[in-house]
Amino acid sequence: MKLQCVLLLVLCLLGYGYSNNMVLNLHHKYGGREGSNLSDLRAHDLRRHGRMLGAVDFPIGGTTKSTGVGLHYTKLMIGTPPKAYNVFVDTGSDIPWVHCAGCDSCPKESSLGIDLVQYDIKASSTGYWVNCYRDFCYTLYTKQYQTCGTSRHCAFEISYGEGSRTVGSYVHDYVHIDQVTGNLQTASVGGTIVFGCSSEVSGLLSTDDESSDGIIGFGQANSSFISQLTAQRKVKKIFSHCLNRNGGGILAIGQVVQPKVNSTPLEPNRRHYTVILKSIEVGGVALDTQFYGGVETIIDSGATFAYFSGWIYDPLVHKMLEKQPGLKTSFINGFKCFDYHGNVDEGFPVVTLNFMGSLNLTLYPHDYLLSFDPGVQCIALLSKGMTLLGDVALSNKLFVYDLESQTLGWTEHDCSSSIKVKDEGTGNVYTLGAHHRASSSDLRTRKRIIFIFFFIIYIFVCNILTI
């Protein structure tokens, strides 16, 4: 009887520890905007903008740019046998990288509640260091490698504007992604990528706060994750995301056939995905501001708020509050806030951003007004020396980045539902469902409940067996 109880306990513990992780399932690092406070979100954006304006400095000449850390992360399977890494998804980053085994300065824990893992090239039978004389290394630099070093490894160094830095060498290894094979069905397929293996980090990258295992870049350069897979004919150079306001959503590579999206041209030779804003309407009335041919607007899934140049921001906010002349505003953590207890969608106007190609993006009051305290509303639009649309403007919309035709399209969509994508090999159309990875606190609560449930079963069955 005792043996049976022990076996039952083992089965219970196995059931408790089982998990099914899918590649490219999105998770918001704050569990969604409602799970955060203004100061946390503002601090995230300030750090991110410092990185956006910084440079990626290579040791021997040539420079490029990167945006740093994002809001959403996913699991990526790397190596043979494959190992899971939690990496931030960054539409502005051109270089994928993870922490390398033996990195003493890399963070060991994360406030996100995820287990941090360092990539060990010795543990992967398919991984090898990229030699500094290989073509990949030449393409990253504007002049020939003059000092290769004794290791002959192709080195990388990324320095961000707010002072963070990551240094290491490039590695070539297998990556495993989920290919859509049927309605709500996927199968793992392999490809190879070159990515940075970080042996040293400094600044904010070395802290345990909001850390991940690295970054997966969806930028336009040849070194980005999607560009490398496209070069191997594994995927089309098209990707899409649909971000849920409370975390999770859809991140897909390939052609989306449903819902249909209208598109606007991407500005050429820009570091970030940039489109042209032609005009703004507030409550159906055009904002009395001259746009002089259009304003370059960055689409950034890694930022939280929306930012407008001061000459746009001031008249825009004035017009938004025009229907409530009695409001008394004050600043909280840099945000313009006020007391309001009514239905915001009834009390404030809809804002419509009109882009080149007759493509519109709608901001409803519940998008641009955030309530972090009962009865207190804060405007999630900020004044800055550039125009940039972050999570508040992108949530609950499907965005399609068609890098083959150099267009960006979007439409309003329920990001907790599904989309339809086309299999280029067979021409079949399949349904791809949304995923929601719970926050770390939710996961811990669920694990406790599951453990208690199995333990109760164990006690109950063992009592029956001993009768």
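Residues 24 or more positions apart supply 69% of those contacts in the protein chain that have a separation of 6 or more. The structure is a predicted model, and its chain holds nine helices and 31 strands. Of the 467 residues in the protein chain, 53% are buried. The points below cover confidence, the nonpolar cores, two core-region residues and a four-stranded sheet.

**Confidence and surface**

- The average pLDDT of the protein chain is 78, and 72% of the residues score at least 70.
- Over residues 6-23 the pLDDT is below 50, and this stretch has 24 contacts in the model beyond near neighbours in sequence.
- Residues 46-70 likewise have pLDDT under 50 throughout; for them the model has 98 contacts beyond four places in sequence.
- The protein chain has an accessible surface of about 20800 Å². Carbon and sulfur atoms account for 52% of that surface.

**Nonpolar cores**

- The largest nonpolar core comprises 78 residues, and the members touching the most other members are Ile280, Phe308, Leu353 and Leu389.
- Helix α5, spanning residues 310-320, contributes the largest share of this core, with five residues.
- Another core, of 21 residues, lies apart from the largest one; Trp97, Leu112, Leu116 and Cys137 are among its members.

**Leucine 353**

- With neighbours within four places in sequence set aside, leucine 353 contacts Leu277, Ser279, Ile280, Phe308, Leu359, Asn360, Leu361, Leu363 and Leu389.
- These contacts include Ile280, Phe308 and Leu389, which are named with Leu353 as the members of the largest core that touch the most others.

**Phenylalanine 355**

- Phenylalanine 355 belongs to strand β22, which covers residues 351-355.
- The relative accessible area of phenylalanine 355 is 3%, and because buried means under 20%, this residue counts as buried.
- The C-alpha atom of phenylalanine 355 is separated by 4.4 Å from that of leucine 277, although the two residues are 78 residues apart along the chain.
- Not counting residues up to four places away in sequence, phenylalanine 355 touches Thr264, Val275, Ile276, Leu277, Lys278, Thr297, Leu361, Leu389 and Trp410.
- Leu277, Leu361 and Leu389 appear among the contacts of phenylalanine 355 and also among those of leucine 353.

**The sheet β20-β21-β25-β24**

- Four strands form an open sheet in the order β20-β21-β25-β24, and their pairing is antiparallel.
- Strands β20 (329-332) and β24 (369-373) are the edge strands, each pairing on one side only.
- On average, neighbouring strands of this sheet are turned by 40 degrees against each other, direction ignored.
- In general, strands of a sheet pair through backbone hydrogen bonds, either parallel or antiparallel.

**Pairings within the sheet**

- Strands β20 and β21 run antiparallel and are joined by four bridges. Within this pair, isoleucine 332 faces phenylalanine 335 in β21.
- The hairpin of β20 and β21 has two residues between the strands, and asparagine 333 adopts a positive phi near 55 degrees there.
- Strand β21 (residues 335-339) also pairs with strand β25 (residues 376-379), in the antiparallel sense and over three bridges.
- Opposite phenylalanine 338 stands glutamine 377 in β25, while cysteine 337 has cysteine 378 in β25 as its bridge partner.

Definitions and conventions
Residues numbered from 1 in each chain as written. Predicted model: local features only at pLDDT ≥ 70, side-chain atom pairs only at ≥ 80, totals over all residues. Heavy atoms only, no water. Pairing = 2+ DSSP bridges. Axes fitted to C-alpha atoms, helices over the stretch in contact; angles between N-to-C directions. Buried < 20%, exposed > 50% of the residue type's maximum accessible area, 1.4 Å probe, protein only. Contact = heavy atoms within 4.5 Å. Areas by Shrake-Rupley, 256 points an atom, 1.4 Å probe, with all protein chains shown as cover. Core = buried A, V, L, I, M, F, W, Y, C linked by side-chain atoms within 4.5 Å. pLDDT = per-residue confidence, 0-100.
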